[in-house]
Amino acid sequence: MTDQKIIQENGIVVKTVPMGTDCRKITLDSPEAFAEARPGQFVTLAIAGMDTPLLRRPFSIHSISGIKEGRCLVDILFKVVGIFTKNLSEIKNQGRVNILGPLGHGFTWPKKSRTEKSGPVVIIGGGIGVAPLLFLAQSLRQQRPVHENSRVFIGGRTTSDILCADDFTRLGYKVIISTDDGTRGEKGMITTPFHARLSDSRPETIYACGPMPMLKAVFETAAEHKVPCQVSVETVMACGLGVCLGCAVKTSSDDIKFRHVCKDGPVFDASELWMAS
Amino acid sequence: MDNPVDLSTQLGSLRLKNPVLTASGTFGYGIEFESLVDLNRLGGIIVKGLSLKPSSGNPPPRIVETPCGMLNSIGLENIGVEAFIAEKLPILETYHTPVFANIYGSSIEEYAALAARIDSVDSITGLEVNISCPNVKSGGVAFGIDAIVAASVIRAVKKETSKFVVAKLSPNVTSIADIASSVEDAGADAVSLINTITGMAIDIRTRRPVLANITGGLSGPAIRPVALRMVWEAARAVKIPVIGIGGIVSAIDAISFLIAGASAVEVGTANFLNPGACMDIIDGMESFFAEEGISSTAEIIGSVVL
């Protein structure tokens, strides 16, 4: 991987779009260096003049939606859950947000020659977990046409939790949806249709982001079918730079007890975190 | 940029280009900040606490934000002194900023062994001795809460090294002045304070402590007034230089510690909020000195008007 420069600067809010009932997509006019960001990487944000909460907050990059004249548009998709996200959602256009990044280790895919055909992939997101997955789907699509058996699974509690389904469809992915209450797509958890359809066609890689229990379940299924699985995980974080070591997660190995989400992750090969049962 | 004012400070036998150092555990091994901070502008870099062997630290959750601060129980995870010297130090050596190795042990012998190892490394300017960690032999009571034990750690370290030795004091004590005097008598070249204040957070739904380690160290602006009071008390009690630490996020904060009697400061949690915090603090001090007609740092150190 090439060396990426981490930068810290003020981004300017150029657009805020409501998504679902309690989510927002905010577009930050940012320095061009963010165009180098890879899917699965994240940024940390701080709002000028706001010291409660104290710490910066990490957000995965949802998309790089434009690059021009030394600037770059960074989309962040987030759910309003606390004081920080509430304040972030209320920043008016032209307001400033301090952005630090790109940070962490993102999704990876096998390097292939131009002529080599791409295999099918499965992308699975739970709730706001779709946030980093659109950027991934876009980047995969940029490399080569979407395989006819590639699927995107999106799960949520109710219909308003289902985000970005049309964006994935537009890129050429077949989208399968489930909701806990059955208001959209299949009724129940997304891991059920995911599990059922995995035997139809074996994907090259499974990419997942969502709540930890969902990721664990996805990993179990992936391991059963012997498919490589990459998961993007979330933890509380202070620095984002690999220095505070606060974002440790337990690994499946005895040699290396902990990994750090901000530096080793947020995307991990799922087998680094869990042992298949 | 030319320095319009002289920010340099005398720390015992050491002359630092300015009084702003990075606090251990908040600035990694320094090189993580290469693209964000001009490391050459720092007064000093105090690296992540080093032990003889690598340490994997405590289980998660390790941190939680609390009002105006954060609790951490990282458990002193680090790559070990040998890996630091072999892998990180060669990069740090390319900068013109003094490097201080923060060290900790679980016995006095371990502190002594670390001091002896570091003594042979030319590019390390000094040691900061973390005496806030548990002494395994006395059932996990921290070395730093007992004046006699604290002094014996410093004495053991001083015996093994001719480098500049800073004793980093724990605030979880009855009299900071007594501990400061005691390590001064043991030969410490300076004291730095305060380390984090022991705290706790509980999740009322699960009724469990938020941190896996149950308790953790509180840092950030929440502890600043306590730190300032302790720095003032320590500065009155000892003749060796005092380095002020505790919730410093701005030049105003840093200057108040100098006025209280600190000859330098360490910036910690602020590095998480703003990786450029030290640069902003140095710039802010320069402007303040220029505005107020203060020609040297020495003029302001210990100038509190009572």
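Q: Starting with chain B, what is the strand order of the open sheet of 4 strands?
A: In this predicted model, the open sheet of 4 strands in chain B runs in the order β5-β6-β16-β13, and its pairing is antiparallel.

Q: And which are the edge strands there?
A: They are β5 (63-66) and β13 (197-200) of chain B, each of which pairs on one side only.

Q: How many degrees are neighbouring strands turned against each other on average?
A: Ignoring direction, the average turn between neighbouring strands of this sheet is 40°.

Q: Over how many bridges do β5(B) and β6 of chain B pair?
A: Strand β6 of chain B, covering residues 69-72, pairs with β5(B) over 4 bridges in the antiparallel sense. As one example of the register, B:E65 has B:M70 in β6(B) as its bridge partner.

Q: Switching to cysteines, how many disulfides turn up over all chains?
A: A search of the whole structure gives 0 disulfides. A:C23, for instance, is in no disulfide, and the nearest cysteine sulfur, that of A:C164, is 9.1 Å away.

Q: Is A:C23 buried or exposed?
A: A:C23 counts as buried, because its relative accessibility is 6% and the cut-off for buried is under 20%.

Q: Why is B:C68 without a bond to another cysteine?
A: The closest cysteine sulfur, in A:C244, is 19 Å from the sulfur of B:C68, which is too far for a bond, given that a disulfide needs the two sulfur atoms within 2.5 Å. As for its surroundings, B:C68 is partly exposed, with a relative accessible area of 43%.

Q: New topic: how many cavities of 30 Å³ or more are there?
A: The count comes to 2 cavities. The largest cavity holds about 200 Å³ of space, and the second largest holds about 80 Å³.

Q: What lines the largest cavity?
A: Its lining consists of 17 residues, and those nearest the centre are A:S118, A:G119, A:V121, A:L140 and A:R144. Helix α2 (residues 131-143) of chain A provides the largest share of that lining, with 3 residues. Sorted by class, the lining of the largest cavity has 8 nonpolar, 5 polar and 4 charged residues.

Q: Then which residues line the second largest cavity?
A: The second largest cavity is lined by A:V122, A:N149, A:R151, A:F153, A:R197, A:L198, A:D200, A:S201 and A:P203. The elements giving two or more residues to this lining are β9 (151-156) and α4 (191-198) of chain A.

Q: How do the residues of that lining divide into nonpolar, polar and charged?
A: For the second largest cavity, the lining divides into 4 nonpolar, 2 polar and 3 charged residues.

Technical notes. Residues numbered from 1 in each chain as written. Chains lettered and ligands numbered in written order. Predicted model: local features only at pLDDT ≥ 70, side-chain atom pairs only at ≥ 80, totals over all residues. Heavy atoms only, no water. Buried < 20%, exposed > 50% of the residue type's maximum accessible area, 1.4 Å probe, protein only. 1 Å grid on protein atoms, 1.4 Å probe; cavity = no way out; pocket = protein on both sides within 12 Å on 5 of 7 lines; lining within 4 Å. Points joined across faces, edges and corners; volume = space filled by probe spheres on them. Nonpolar A, V, L, I, M, F, W, Y, C, P; charged D, E, K, R; others polar. Pairing = 2+ DSSP bridges. Axes fitted to C-alpha atoms, helices over the stretch in contact; angles between N-to-C directions.
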